[in-house]
Amino acid sequence: MLLAKHQWLRRFIFSFSIQLLMVHLKKNLILLIFWIILFGFITKSIALRYGIPFLFLSPEYFDQVNFLSYFIVGFAIGGFIMAFNISSYIMNSYRFPFIATLYNPFLRYCINNSLIPLVFVITYLINIFNFQISEHVFSVTHILLLETGFLLGLILFIFLSITYFFTINKDIYKMFGVRVQEPSRETSLIKKQRIEWKNLHLIKDSHDWYVETYWTMPFVNRLVRPVRHYKKEMLLNVFKQNHRNAFLFVFLCLITLFLLSFFQDIPFFIIPAGASVMLLFTMFVMLSSAFYVWIRGWASVLLIGIFLVVNSLYSLDIFGNHNKAYGLNYDTEKAPYTNEALDQMNCDTLLMAADMKYTIEILNRWRLRNIHPLGKKPKMIFINAPGGGLRSSLWTFFSLQYSDSILGGELLKHTQLITGSSGGMVGAAYLRELFWRQQSGKIEDFYDTRYTNAMGKDILNPIAFSLAVNDFFFPLQKVAKGYYTYNKDRAFSFEWKLNQNTDGFFNRSMHEYKQPESEAMIPMMIFSPTVANDGRRVLISSQPISYLTQNYFTKNVRVQPLYDAIEFGRFFEKQDAQNIRFTSVLRMSASFPYISPIVSLPSEPRIEVLDAGMRDNFGLETTLKFMYTFRNWITSNTSGVIIIQIRDKMKEAPIDENPTRDIIQNTLLPIGLLYSNLFNIQDYNQNQLLQYASLWFDQRVDIVNFVMRRNEKEGISLSWHLTNTEKNQIIGSTDLPENQESIKRLKELLN
């Protein structure tokens, strides 16, 4: 009995499945890293803050979570599983020479290499079920139907792949006419063999791995037959032929991915973002196996060499790969970006005076539109919108839309300026656009819930799809915008999907907002993306605003002037600045790393801009400078200023109650602290600026906050994709007592 137990334990340890797992741990860590990342995604252990797990747990296709969306994700995961099997077979099959003597060796290999994929699929199904139950959207029956869709997609790809290999792969019998003998199940399980830790009949070379049993269809465990009597060349030829077919399959898959890039603006091909992530992983795995087939041991060296060459070509901009803002002219003379050029432009006091006079005319029109029936001076409202992807877009839009409806349309009417960053400016821009269209008679009711639903629609799917099938190759497609053409990449996908979600309302140039802003029909908007070169801001407006880039003279302080911003409209005037597409301005303000690419501007040296939140997440710096510039007019013509801050988190940051860190955390501490506390530091600094405003501003300033509800455990993902629960959580935030109190306070201030 003891001997039998020992034999079963040994056969388990030296089974083909377990030994393949050991090979991966020892030889193929890169393949395992992909699996570790995927397990982290589906268990919400990795990138939860950025919403990556929800791309797998709740995928959307045509803005719907349904059977088809899960089917597509399952199909893509099936592709990754087969890429994993193919790569593993190419790199490891020669270590197990016995499989060359079996019928359909690649199929047998896949069956025994399914331990990790099987655990992943089971874990994935469990997490899908738990997540959808917590969403309270679908019934248990419907959730099981969604999971069935995933399984059907997974099985379909694996079936098609296995059919391909079953058709063209050859085993030792087909190649050499050698009879293959696989023992029956009874023989495999009952036949007793001498217990040995080393079976010389199974091992011929030092690189071979010892195996006693393997699984075959239909899930029968068999003993490994000796292979010593086979010629080594015969076994190697079987592997080589299988490898060539595997490489052909890899090549066809890569060509398919490349061809898909030509359909990135056709809605049918915009697959769920989770499936696009799987395409990206699949591509990396297949490329690694392809290089291994070509050059074997030199694969790593060649990959590093290719990366260095491509990196050099990229830096030289030979392929025109730097992302551009649509509407700008990149073919004309570049604007000089030097300190001397900035000094010359910013020292033009006559220009600044003219711009101030022009803006005062706008302020006068604003005052006429807000005349109080009893002759009281109106309140002037400034709106500060936060960064934070789609969550900030939806929260900014809905909180302002809801407040304006409660206040009888007085909120936007009293608003003079909207500033901020990233997603918040997208939401504010959409509400302003609807406000303008209602005044123009183009829409009936901009409080309609369909506009709220539109603002919460996914933008990430086309970005991820473009990233997977296009951006990792050299973009070959071009897109015409006005008089110029640009590369068609994920930046195009962002703008295309944003326009699609908003019924094309943003499909206009920045210049088209000049007249309604100057007539005070709609609030001014000033965007302020950050210059990566030196940390300055690029101030973008349809109006001339040179006064916001100036250093004002003070009689008691003598200091060397340091200009912290450039006026986009004048700086790039010769490059058609006012022709820039409005969606490109929104994108520049929301250039979140890796998702929407850094934008290059036509200057020498080239200016590259990042998210506006890197300098001023709420736009308060711009607001205060505008107030300072026109402080005398505001004091004389208003009864005070209201600054509405839309916040996606509480102003008072939570204190870290567990500062104890391990070695890795301590190593990354400076970088982690800088990133995690970046917006807290901005809050501290801006709070001081508000306090000092009382020294130069004689009117009253009221700060009114609208704070988004945050789940303490998971929060709301910083992404361009939201789940149903997250959307409901955001919209429900207006019911928070502090937000209701803010609306009540606004009523009192405006009355």
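## A friendly tour of a predicted model

Biologist: Which element of the chain has the lowest mean pLDDT, and which the highest?
Modeller: This is a predicted model, and pLDDT is the predictor's confidence in each residue. Strand S8 (residues 524–526) has the highest mean among the elements, at 97. The lowest mean pLDDT, 41, belongs to helix H10 (residues 185–190).

Biologist: Where does pLDDT stay under 50, and how many contacts does the model have there?
Modeller: One such stretch is residues 171–178, with 29 contacts beyond four places in sequence. Another is residues 183–206, where the pLDDT is below 50. Where pLDDT is low, the predicted coordinates should not be read in detail. With that caution, the contacts beyond near neighbours in sequence for residues 183–206 number 50.

Biologist: And what is the mean pLDDT of the chain?
Modeller: Of the residues in the chain, 80% reach 70 or more. The mean pLDDT of the chain is 82.

Biologist: How many helices and strands does the chain have, and what share of its residues is buried?
Modeller: The chain has 31 helices and 16 strands. Its length is 751 residues. The buried share is 54%.

Biologist: Which residues of helix H25 are buried?
Modeller: Helix H25 spans residues 620–629 and is mostly covered, with 8 of its 10 residues buried. The buried ones are Leu620, Thr622, Thr623, Leu624, Lys625, Phe626, Met627 and Thr629.

Biologist: Is arginine 537 buried or exposed, and what is it in contact with?
Modeller: Arginine 537 is found in strand S10 (residues 537–539). Because its relative accessibility is 1%, arginine 537 counts as buried. Leaving aside neighbours within four places in sequence, its contacts are Ser528, Pro529, Val531, Asp564, Ala565, Ile566, Arg615, Glu621 and Thr622.

Biologist: How many aromatic pairs does a search of the whole structure find?
Modeller: A pair of aromatic rings is described by the distance of the centres and the angle of the planes. Searching the whole structure gives aromatic pairs to the number of 44.

Biologist: Why is the pair of tyrosine 61 and phenylalanine 62 described the way it is?
Modeller: The ring centres of tyrosine 61 and phenylalanine 62 are 4.8 Å apart. Tyrosine 61 is buried at 5% relative accessible area, whereas phenylalanine 62 is partly exposed at 48%. What settles the type is the angle: the planes meet at 80°, so the pair is edge-to-face.

Biologist: Where in the chain do tryptophan 366 and tryptophan 633 lie, and how many residues apart are they?
Modeller: Their rings have centres 6.5 Å apart and planes at 65°, so this pair is edge-to-face. Both tryptophans, 366 and 633, are buried. Tryptophan 366 lies in helix H15 (residues 349–369) and tryptophan 633 in helix H26 (residues 631–637), which puts them 267 residues apart.

Biologist: Which residues do ring pairs link into a cluster?
Modeller: Ring pairs join residues from several places in the sequence here. The cluster holds Phe34, Trp35, Phe39, Phe80, Phe84, Phe120, Tyr124, Phe150, Phe281 and Phe284.

Biologist: What accessible area does the nonpolar patch with phenylalanine 263 have?
Modeller: Phenylalanine 263 is found in the loop between helix H11 (232–260) and helix H12 (273–295), and at 32% relative accessibility it counts as partly exposed. It belongs to a nonpolar surface patch with Phe62, Leu248, Phe251, Leu252, Ile255, Leu259, Phe262, Ile266, Phe268 and Leu476. Together, the residues of this patch have an accessible area of about 1000 Å².

Note on methods
Residues are numbered from 1 along each chain as its sequence is written. This is a predicted model: local features need pLDDT of at least 70, side-chain atom pairs count only at pLDDT 80 or more; totals for chains, interfaces and linings use all residues. Side-chain values use heavy atoms; hydrogens and water are left out. Patches are made of residues with over 30% relative accessible area and no salt bridge: like charges are joined within 9 Å, nonpolar side chains (Val, Leu, Ile, Met, Phe, Trp, Tyr) within 5 Å. Accessible areas come from the Shrake-Rupley method with a 1.4 Å probe; for residues, only the protein chains shown count as cover. A salt bridge is a side-chain nitrogen of Lys or Arg within 4 Å of a carboxyl oxygen of Asp or Glu. Helices (H or I, at least four residues) and strands (E, at least two) are DSSP runs, numbered from the N terminus. Buried means under 20% relative accessible area, exposed over 50%, partly exposed in between (1.4 Å probe, protein chains only). Contact means heavy atoms within 4.5 Å. pLDDT is the predictor's confidence in each residue, from 0 to 100. Rings of Phe, Tyr and Trp (its six-membered ring) pair if their centres lie within 6.5 Å; planes under 30 degrees apart count as stacked, over 60 as edge-to-face and the rest as tilted.
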